[in-house]
Amino acid sequence: MDTPTLRLPRLTAGGDERYADHTRTGRAAAEAADTGADAPMTSFDTIAAASAHLGKDDDFGVIGHDLDHPSQLHRHDYLEITHALKGTVLVWVQGETCVLEAGGTVLVKPGARHLISPIIENGRAPIEADVLIRSRLVESMLTVSGSGTHEDMALRQWIDDPSQSYCLLEAGHHPAGQAAISRMLVAYCAGGRYRPSLAVIGGLLELMHTASDALESRMHIDPLIGAIIDVITKDPAKATNDGIADTLGYSVGYLSRYVRKHDGRTLGRLINEERLRQAAELLITGDQPIAEVAHAVGYDSAAYFHKLFHDRYLTTPSQYRNDFRIALKHRKTAT
């Protein structure tokens, strides 16, 4: 569902000094970069003080951003829902990178270290909407749904699980949630009021239900698919179709058919996705040349690695490294 053209509220002039997320000049972010401190914490109160449409007693708000450069590494004391309206952004959360294309949404838990990098296409920066929800409002919604379905309870389990930091709703995979956040944003921006009406809260509740439903589905991964992923994760550089089949005691033909039927992907794709995930981590945490990173995760051809990486993350390995290493405050410039 396409979201109609919106007049999203923005930060007030000079507000970027108090909001480290999408500015090169945020004081908290600059101080953290200079001292090597942990990711700065941005509070809901800080955002309210930097936004003309938000008040200190509000529990909900929306901020629009045109992303022409990577954000600073940061954290929040509130639940943030980032929705890509136009273009594509990469969202790095606690070491994992999500590709957020137009229509996609990611929920990031309070306290999770994260940053965002835009994919600039034909000179055009992507546009996103950040939905900010205080923890007390999240708790109220979870309390209301406490006697609901198992799908609704999955969101509570996700919030309470310290090992979980984000929930990705990919564009085109969750039409009900995509429609819900579109309606919510339209209702919030209607008439320039920028207030959480019943229509806004209704859309938010439907979006949260979609997220909970997605989380519930991921909790019940097929045991054999899980075993395959475990084998790949242990050593993706050496993982092969034959090797996985031998390890698990199945024929390659049977395992290939099973994966395609029960997961929708192929064995080869599962291997490549894990290799690329590890490569993305190496690019921003190590200093190896890109060709060595490719070899370390199982690719003898740097050109082939470059193609697969671009297909997965919609950017080149060198651009990915440059954007995220700067934001993560790694000062060296290995290529």
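In this predicted model, the side chain of Thr 316 reaches out to the backbone nitrogen of Gln 319, at a distance of 3.1 Å. Thr 316 sits in the loop that links α12 (302-313) to α13 (317-327). With a relative accessible area of 23%, Thr 316 counts as partly exposed, because buried residues have to come in under 20%. Looking past the residues up to four places away in sequence, Thr 316 touches His 306, Phe 309 and His 310. One of these partners, His 306, is 10 residues away from Thr 316 along the chain, and their C-alpha atoms are 6.6 Å apart in space.

The loop between α12 and α13 also holds Leu 314. What is the sign of phi in Leu 314? It is positive, with a value near 60°, and Leu 314 is a residue other than glycine. As a rule, most residues other than glycine have a negative phi. Leu 314 is partly exposed, its relative accessible area being 28%. Gln 94 is another non-glycine residue with a positive phi, here about 50°. Its home is the loop between β5 (88-93) and β6 (96-100). Gln 94 has a relative accessible area of 41%, so it falls into the partly exposed class too, which runs from 20% to 50%.

A second threonine, Thr 210, makes a good counterpart. Thr 210 is part of helix α6, which covers residues 198-219. Is Thr 210 buried or exposed? Its relative accessibility is 10%, and the limit for a buried residue is under 20%, so Thr 210 counts as buried. A polar atom of the Thr 210 side chain lies 3.4 Å from the backbone nitrogen of Gly 177. Gly 177 also turns up among the residues that Thr 210 touches, along with Leu 169, His 174 and Ala 176, once residues up to four places away in sequence are set aside.

Some of these names come back around the largest cavity. Its lining includes Leu 169, His 174 and Gly 177, and also takes in Gly 103, Gly 104, Thr 105, Glu 170, Gly 172, Gln 178 and Leu 207. Sorted by class, that lining has seven polar residues, two nonpolar ones and one charged one. The space inside the largest cavity comes to about 50 Å³. How many cavities of 30 Å³ or more does the structure hold? There are two.

Next come the nonpolar cores. In soluble globular proteins, nonpolar side chains tend to be buried together. The largest nonpolar core here has 40 residues, and Phe 60, Ile 81, Leu 107 and Ile 133 are the ones with the most contacts inside it. Beyond its neighbours within four places in sequence, Phe 60 is in contact with a whole list of residues, among them Phe 44, Leu 54, Val 131, Ile 133, Met 184, Tyr 188 and Leu 204. A second core, separate from that one, has 22 residues, including Trp 92, Ala 294, Leu 308 and Phe 324.

Zooming out, the chain has 13 helices and 10 strands. Of its 335 residues, 46% are buried. Among contacts with a separation of 6 or more, 72% are between residues 24 or more positions apart.

Terms used:
Residues are numbered from 1 along each chain as its sequence is written. This is a predicted model: local features need pLDDT of at least 70, side-chain atom pairs count only at pLDDT 80 or more; totals for chains, interfaces and linings use all residues. Side-chain values use heavy atoms; hydrogens and water are left out. Helices (H or I, at least four residues) and strands (E, at least two) are DSSP runs, numbered from the N terminus. Buried means under 20% relative accessible area, exposed over 50%, partly exposed in between (1.4 Å probe, protein chains only). A polar contact is a pair of N or O atoms within 3.5 Å; within protein, one must be able to donate a hydrogen and the other to accept it, and residues adjacent in sequence count only if both atoms are side-chain atoms. Contact means heavy atoms within 4.5 Å. On a 1 Å grid over the protein atoms alone, a cavity is a set of points where a 1.4 Å probe fits but cannot get out, and a pocket is an open set with protein on both sides within 12 Å along at least five of seven lines; lining residues have an atom within 4 Å of a point. Grid points are joined across faces, edges and corners, and a volume is the space filled by probe spheres set on the points. Ala, Val, Leu, Ile, Met, Phe, Trp, Tyr, Cys and Pro count as nonpolar, Asp, Glu, Lys and Arg as charged, and the others, Gly among them, as polar. A nonpolar core is a set of buried Ala, Val, Leu, Ile, Met, Phe, Trp, Tyr and Cys residues joined through side-chain atoms within 4.5 Å.
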